[in-house]
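This report covers selected features of the structure shown below. It takes up loop residues, sheets, a hairpin and the nonpolar core in turn.

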Amino acid sequence: MKLLDSHPPTPLGASPPGPPVASPILPGAACCPVALTLAAALALAGCGRAREPQLFERLPPERTGVTFVNRLPDDTTFDILAYLYYYDGGGVAVGDVNNDGLPDLYFTSNVGPNRLYLNKGNYRFEDVTERAGVADSGPWKTGVTMADVNGDGFVDIYVSGVDYLGMHGHNVLYINNGDGTFTDRTKEYGLDFAGFATQALFFDYDGDGDLDMYLLTHSPHPERASPSHVVHGPRPPGVGDRLYRNDGGHFVDVSERAGLYGGAARYGLGVVASDLNGDGCPDLYVANDFQEDDFLYINNCDGTFTDPQDLRQCRKLRRLPRETRGRVPSAVRPQHAAAQRRRRGGGAGALQ
Ligand SMILES: [Ca+2]
Ligand SMILES: [Ca+2]
Ligand SMILES: [Ca+2]
Ligand SMILES: [Ca+2]
């Protein structure tokens, strides 16, 4: 929507209104065709930029009512030296929480209260945080996801947090009551994770019609970490991505059963679910920070996932001369170790 229409935009390619513009030709320019050409080109380039139509217009907080700011204290020992993701910010989710057809906004603050804004139309929003009961004022929050977790037709809110040093954040599930208020039902749903959560993704991984959850996590990053420190081992408390299956309204951790990588050195930045191979089952792509690889998990349509890279690396090992098989190249060691572990356990990623 264009808000300021007192000066309609100049049609593309037309001359802007105003008095005639003096010639850019300088004294002596006639004998310098190169300088003249350069001056003309610069003038034309400048005019072209000025006439470019704007696709978006920045609306100030006074206009929209969205006054949220993620403020971080300066005088604290919990800083970027103590926690490397200190300046990664919070998160924002967009969803229609009152089913009026207008997308609403929820912002997470790292240390202050979160904010829920109802969309009143015409780019105006109302802060309804207190009435809705979704402030979650304690530090530290990292992200938020909106989804109809219980499938009742009303969008719910799931906030991710960090419990580290003096920060005692934890994940919170706000179930939408359908009357403008929300209720914290985190424990009842089995989603009371406390640790290094980054963001949650709700999707139906097993195709039974209800939403399951992939929880993206990170961890304190050791300054001298190297690729050899990446080990896809067991999940220590509070660290390591997790997959939760929705069993009739209660979420159960099925990470190991599903064949997902564990390990403490996990630095998740983003996760998306999409049916990449067109077999009808949603697959996962996980983007990781630092020395950790990104992961592609192909959904086997039986409740388990397989990392194709895992398979490729181990097939590559089988082609090595017999006398070298015991000495695994460092470049493939983490994937090989994970594959061997899963093969011994006969789990999801068992090799063919
Ligand atoms: Ca709405
Ligand atoms: Ca709901
Ligand atoms: Ca499901
Ligand atoms: Ca698929």
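## Residues in loops

D136 has 22 C-beta neighbours inside 10 Å and therefore counts as buried, the cut-off being 20 or more. The model is a predicted one. D136 sits in the loop between α3 and β5. Its phi is near 45°, a positive value in a residue other than glycine. W140 is also found in the loop between α3 (129–132) and β5 (141–147). The peptide bond that joins P139 and W140 is cis, with omega at about 15°.

Y123 is placed in the loop between β3 (115–121) and β4 (124–127). Phi of Y123 is near 60°, again a positive value in a residue other than glycine. Is Y123 buried or exposed? Y123 is partly exposed, because 14 other C-beta atoms lie within 10 Å of its own, and the partly exposed class falls between 12 or fewer (exposed) and 20 or more (buried).

## The sheet that includes β5

Strand β5, which follows the loop of W140, belongs to an open sheet of four strands. The strand order is β5-β6-β9-β10, and the pairing is antiparallel. The edges are taken by β5 and β10 (182–184); each has a single partner strand, so one side of each is left without a neighbour in the sheet. On average, neighbouring strands of this sheet are turned by 20° against each other, direction ignored.

Inside the order, strand β6 (residues 156–161) and strand β9 (residues 172–176) run antiparallel and are joined by three bridges. Y158 has L173 in β9 as its bridge partner. Strands of a sheet pair through backbone hydrogen bonds, in either a parallel or an antiparallel sense.

## The sheet from β15 to β18

A second open sheet described here also has four strands, in the order β15-β16-β17-β18, with antiparallel pairing. Its edge strands are β15 (268–274) and β18 (305–306), each of which pairs on one side only.

Which strand pairs with β15 over six bridges? The partner is strand β16 (residues 283–288), and the two pair in the antiparallel sense. Within this sheet, V272 stands opposite Y285 in β16.

## The β13–β14 hairpin and helix α5

Strand β13 (residues 242–247) pairs with strand β14 (residues 250–253) in the antiparallel sense, over four bridges. One pair of bridge partners is R245 and V252, the latter in β14. The two strands form a hairpin with two residues between them. G248, in the turn, has a positive phi of about 65°.

R257 is found in helix α5 (residues 255–258). R257 counts as partly exposed because it has 15 C-beta neighbours inside 10 Å. Along the chain, R257 and F305 are 48 residues apart, while their C-alpha atoms are separated by 9.3 Å. F305 falls in β18 (305–306), an edge strand of the sheet described above.

## The nonpolar core

The largest nonpolar core has 50 residues. Which of them touch the most other members? They are Y106, I157, M213, Y214 and L215. I157 lies in β6 (residues 156–161).

Y214 touches L201, D241, L243, V271 and L284, leaving out residues up to four places away in sequence. Several of these contacts fall in strands already described: L243 is in β13 (residues 242–247), V271 is in β15 (268–274), and L284 is in β16 (residues 283–288).

Notes: Residues numbered from 1 in each chain as written. Chains lettered and ligands numbered in written order. Predicted model: local features only at pLDDT ≥ 70, side-chain atom pairs only at ≥ 80, totals over all residues. Pairing = 2+ DSSP bridges. Core = buried A, V, L, I, M, F, W, Y, C linked by C-beta atoms within 7 Å. Contact = placed C-beta atoms within 7 Å. Axes fitted to C-alpha atoms, helices over the stretch in contact; angles between N-to-C directions.
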